[in-house]
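Reader: Please take one part of this model and go through it closely, with the contacts that tie it to the rest of the chain. I would like the reasoning behind each label as well as the label.

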Amino acid sequence: LPLLLKATLLHLASGSHHPFYNGFYYNHIMNDNDNGQDKVDYFNGAKLVVETSKDPVYSYNGANVTLPCHYRYEPDTGAKRKIRIKWSKLRDDYTKEQDVVVAIGKTYMAFGDFKGRAHIHRASRHEASLVISDVRLKDDGKYRCEVIDGLEDESDVVDLRLQGIVFPYQPPRGQYRLNFHEAEQVCQDQGAILASFNQLFQAWSEGLDWCNAGWLADGTVQYPIRLPRKPCGGVHLAPGIRSYGPRHRHLHRFDAFCFSSALKGEVFYLDHLDGMTLEEAKQSCQDAGAEIARVGHLYSAWKFLGLDRCDAGWLADGSVRYPIATPRANCGPAEPGVRSFGFPRKGRFGVFCYKER
């Protein structure tokens, strides 16, 4: 059948009959040099071009974002045609696509987690932009805008990046206790997701230095090193991301690198004169119309809202931490960061609460 189709198209293009017509004349152009290159298909006098943003589009958790996409014909014939638009989300290795939206004319359908959140924006004649409402952490990634007009099918890719923060996470049980699926769950429990390699690399470029290996979203295990040292790959290796490569998702155990974005609400601190137990801390947040904050909430508030508190407080996972934006005496190391007291079984502290706006 493919050979018959090619022969028919060649016959129609070169014979006395009219070429195949669906609004444009179609020619099948052979490579005259016979140098082994592929054949190139053109519409006679009109080439379809699809363009998206060459720069990444930045957004954050809970926001609305538009991924621009426009198409045109060279030269522009001015004809109005009912084309098909398809948006897909790509994996980092481009091996798999997740359908987002398909549209023909004014009719469109969104798929999966994008139902009710995604639609095509067509303010101008040749616009095919994608609008995503209530952006979620896992929306971060590459998207393909594909325009189909009869036999013409062109596409381009745009990168959506969420403004966020990567933080290493160990559970109360200690170092290297999580398989891949448990790492996914603990990040989710902390209001975050497993970080991608690109997110870890961005965090490394901003100063993250962590010697413990952790899971990433693609099933690899890596860790970021700014200051080479003997326990972290050796002093002779250059700074960078150290990689263990893909690991067995059930059998192998490491820590996790989690990714959290800007908050929809606020983090605030509560305390009693004599401090609180963990259960008392949870109740205090509920009494204030909030919930006890998760680790991801605290990191995001420190990163994006400049939360600075030299008082230790409980978090939902049973850890005790405090965020320092401006280092000072008696508040830990000389650089900004979220300090941790670990997971104390006893003790009375304040509490960090989270309340959505």
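Author: A residue counts as buried when its relative accessible area is under 20%, as exposed when that area is over 50%, and as partly exposed in between. The model is predicted, and the labels below apply to it as it stands. The part chosen is the salt bridge between Asp113 and Lys138, followed by the strands around it.

In this pair the side chains of Asp113 and Lys138 meet with an N to O distance of 2.7 Å. Asp113 sits in the loop between E9 and strand E10 (118-121), while Lys138 sits in the loop between strand E11 (129-132) and E12, so the salt bridge ties together parts of the chain that are 25 residues apart in sequence. The relative accessibility of Asp113 is 34%, so Asp113 counts as partly exposed. Lys138, at 48%, also falls between the two limits and is therefore partly exposed.

The strands named with this pair belong to two open sheets. One of these sheets has six strands in the order E4-E13-E12-E7-E8-E9, and the pairing in it is mixed. Its edges are strand E4 (57-59) and strand E9 (107-110), each of which pairs on one side only. On average, neighbouring strands in this six-stranded sheet are turned by 25° against each other, direction ignored.

Within that sheet, strand E12 (residues 141-149) and strand E13 (residues 152-162) run antiparallel and are joined by nine bridges. One residue of E12 can be followed into its neighbour: Tyr143 has Val158 of E13 as its bridge partner. Strands of a sheet pair through backbone hydrogen bonds, either parallel or antiparallel.

The other sheet is open and has three strands, in the order E5-E11-E10, with antiparallel pairing. Strand E5 (65-67) and E10 are at its edges with a single partner strand each, so one side of each has no neighbour in the sheet. Neighbouring strands here are turned by 30° against each other on average, again with direction ignored. E10 and E11 pair over four bridges in the antiparallel sense, and Ser129 in E11 is the bridge partner of His121.

Tyr143 also leads from the sheet into the interior. The largest nonpolar core has 87 residues, and those with the most contacts inside it are Leu67, Trp87, Leu130, Ile132, Tyr143 and Phe352. Helix H5 (residues 295-305) gives this core its largest share, five residues. In soluble globular proteins, nonpolar side chains tend to be buried together.

A second salt bridge starts from E12. Arg144 pairs with Glu97, and their closest N and O atoms are 3.0 Å apart. Arg144 is in strand E12 and Glu97 in strand E8 (residues 97-104), so this pair ties together parts that are 47 residues apart in sequence. Glu97 has a relative accessibility of 35%, so Glu97 counts as partly exposed.

A third salt bridge, elsewhere in the chain, can be read in the same terms. The side chains of Arg253 and Glu182 meet at 2.6 Å, N to O. Arg253 is in the loop between E18 and E19 and Glu182 is in helix H2 (residues 180-189), so distant parts of the chain, 71 residues apart, are linked. Arg253 counts as partly exposed because its relative accessibility is 36%. Glu182, at 28%, counts as partly exposed by the rule that partly exposed lies in between 20% and 50%. A search of the whole structure finds 17 salt bridges, and Glu51, Arg72 and Glu74 are linked in a network of them.

The loop of Arg253 lies between strands that also cover a helix. What covers the buried residues of H3 includes strand E18 (240-246) and strand E19 (255-261), and also strand E14 (164-169), strand E15 (193-194) and strand E17 (220-225). Those buried residues of helix H3 (residues 197-205) are Gln199, Leu200, Ala203 and Trp204. They span an arc of only 140° around the axis, which places them on the same side of H3. Gly207 follows H3 and has a positive phi, near 120°.

For scale, the chain has five helices and 25 strands. Of its 357 residues, 44% count as buried. Among contacts between residues at least 6 apart in sequence, 58% join residues at least 24 apart.

Conventions. Residues numbered from 1 in each chain as written. Predicted model: local features only at pLDDT ≥ 70, side-chain atom pairs only at ≥ 80, totals over all residues. Heavy atoms only, no water. Buried < 20%, exposed > 50% of the residue type's maximum accessible area, 1.4 Å probe, protein only. Arc of directions from axis to C-beta. Contact = heavy atoms within 4.5 Å. Core = buried A, V, L, I, M, F, W, Y, C linked by side-chain atoms within 4.5 Å. Pairing = 2+ DSSP bridges. Axes fitted to C-alpha atoms, helices over the stretch in contact; angles between N-to-C directions. Salt bridge = Lys/Arg side-chain N within 4 Å of Asp/Glu carboxyl O.
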